[in-house]
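Biologist: I should like to learn how to read the features of a model such as this one. May we go through them one at a time?

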Amino acid sequence: MEQVTMIGVVGAGQMGFGIAQVVAAAGIAVVLHDSDAKALERANKLIGTGAKSVRCSPNLEELQSADVIIEAIVESEDVKKSLFSQLDKIAKPCAILASNTSSISITRLAFATNRPSQVIGMHFMNPPPIMKVIEIIRGAQTSDEVFLKIKTLSERLGKIVMCSQDYPGFIVNRILMPMINEAFDALYTGVATKEDIDKMKLATNHPMGPLTLADFIGLDVCLSILKVLHKGLGDDKYAPCPLLVQYVDAGRLGRKGGIGVYSYPNKNQAVKPLPRL
């Protein structure tokens, strides 16, 4: 099995840049692409803080030499399918196309390409340079060889691998999102204040409370995942809390937007340079 020598990452947001940083720290060449000039400008500034082997490019075609391309864009199935269709035409025949999706079917993404056996899920936790676990998801046609290659690569990146079947929400969000949704419901129905609900972190030995975590993830992302769970599993226990829906409708998206459950006067603190690995 040939070793991976170059990785492409699509999406220069917090997740994409973090993934590129992890790859670079493992000594693997990485090209980071984003069509948003501002996102690339921010990434270029952050590169000076410890990911100097990351090369930024606004041209998707520069990923054509990559052995693996990891998609880390908006959590929308239609947008991801469109990207995978483009990548299928650009990437070399043996390249593996991986998605950092936290809930969307790998099988459906794979069928936007002519290489479904070479499509797989690589769900990094946020922030990628700090969180040790990575969730690998096999689509219906993901080959054994591709699965083994990505598992080996993930371990090379210093990650502990958890393997999931291709079901809505996979492992992490199948368990995590109902907890966050229930926290919103407790706030919505007046069970407790947001501060008292977030004291759950002390009861469960978590690094942050569920509402603070939702702000960190992005309330729009949480809502999107819950919709995938609700539609895919057909169980009303996954129906998004009306308060979460209202916050997203009002543009209260969490730390990245300056306000969510809590207010963040200096929203740039959500995208400050991550610690060097």
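Modeller: Let us begin with one residue and its neighbours. Apart from residues up to four places away in sequence, Ala 91 touches Gln 64, Ile 69, Leu 97 and Arg 115. Please bear in mind that this is a predicted model.

Biologist: Where does Ala 91 lie, and is Ala 91 buried or exposed?

Modeller: Ala 91 belongs to the loop between helix H3 (77-90) and strand E5 (96-99). Buried means under 20% relative accessible area; Ala 91 has 8% and is therefore buried. One may also compare distance in space with distance along the chain: the C-alpha atoms of Ala 91 and Ala 66 are separated by 7.1 Å, and the two residues are 25 apart along the chain.

Biologist: How is that kind of reading extended to the protein as a whole?

Modeller: One considers the contacts with a separation of 6 or more; in the protein, residues 24 or more positions apart account for 65% of these. As to secondary structure, there are eleven helices and eight strands. The radius of gyration is 18 Å, close to the 19 Å that the globule rule gives for 277 residues, so the protein is as compact as a globular protein of that length. The C-alpha trace spans about 55 × 40 × 30 Å along its principal axes, and 50% of the 277 residues count as buried.

Biologist: Which backbone oxygen lies 3.0 Å from a polar atom of the side chain of Asn 173?

Modeller: That oxygen is the one of Ser 102. Asn 173 is part of helix H6 (residues 172-188) and, at 4% relative accessibility, counts as buried. Beyond its neighbours within four places in sequence, Asn 173 has contacts with Ser 102, His 123, Pro 178, Ile 225 and Leu 229.

Biologist: How should backbone torsions be read, beginning with phi?

Modeller: One looks for positive values in residues other than glycine. Phe 170 is one such residue, with phi near 55 degrees; Asn 205 is another, with phi near 60 degrees.

Biologist: Are Phe 170 and Asn 205 buried or exposed?

Modeller: Phe 170, in the loop between strand E8 (160-164) and H6, counts as buried at 5% relative accessibility. Asn 205, in the loop between helix H8 (200-204) and helix H9 (210-217), is exposed, with a relative accessible area of 71%.

Biologist: Which residues does a cis peptide bond join?

Modeller: Here one reads omega, which is about 0 degrees for the bond between Asn 126 and Pro 127. Pro 127 lies in the loop between strand E6 (119-124) and strand E7 (133-138).

Notes: Residues are numbered from 1 along each chain as its sequence is written. This is a predicted model: local features need pLDDT of at least 70, side-chain atom pairs count only at pLDDT 80 or more; totals for chains, interfaces and linings use all residues. Side-chain values use heavy atoms; hydrogens and water are left out. Helices (H or I, at least four residues) and strands (E, at least two) are DSSP runs, numbered from the N terminus. The radius of gyration is taken over C-alpha atoms; the globule rule is 2.2 Å times the number of residues to the power 0.38. Buried means under 20% relative accessible area, exposed over 50%, partly exposed in between (1.4 Å probe, protein chains only). Contact means heavy atoms within 4.5 Å. A polar contact is a pair of N or O atoms within 3.5 Å; within protein, one must be able to donate a hydrogen and the other to accept it, and residues adjacent in sequence count only if both atoms are side-chain atoms.
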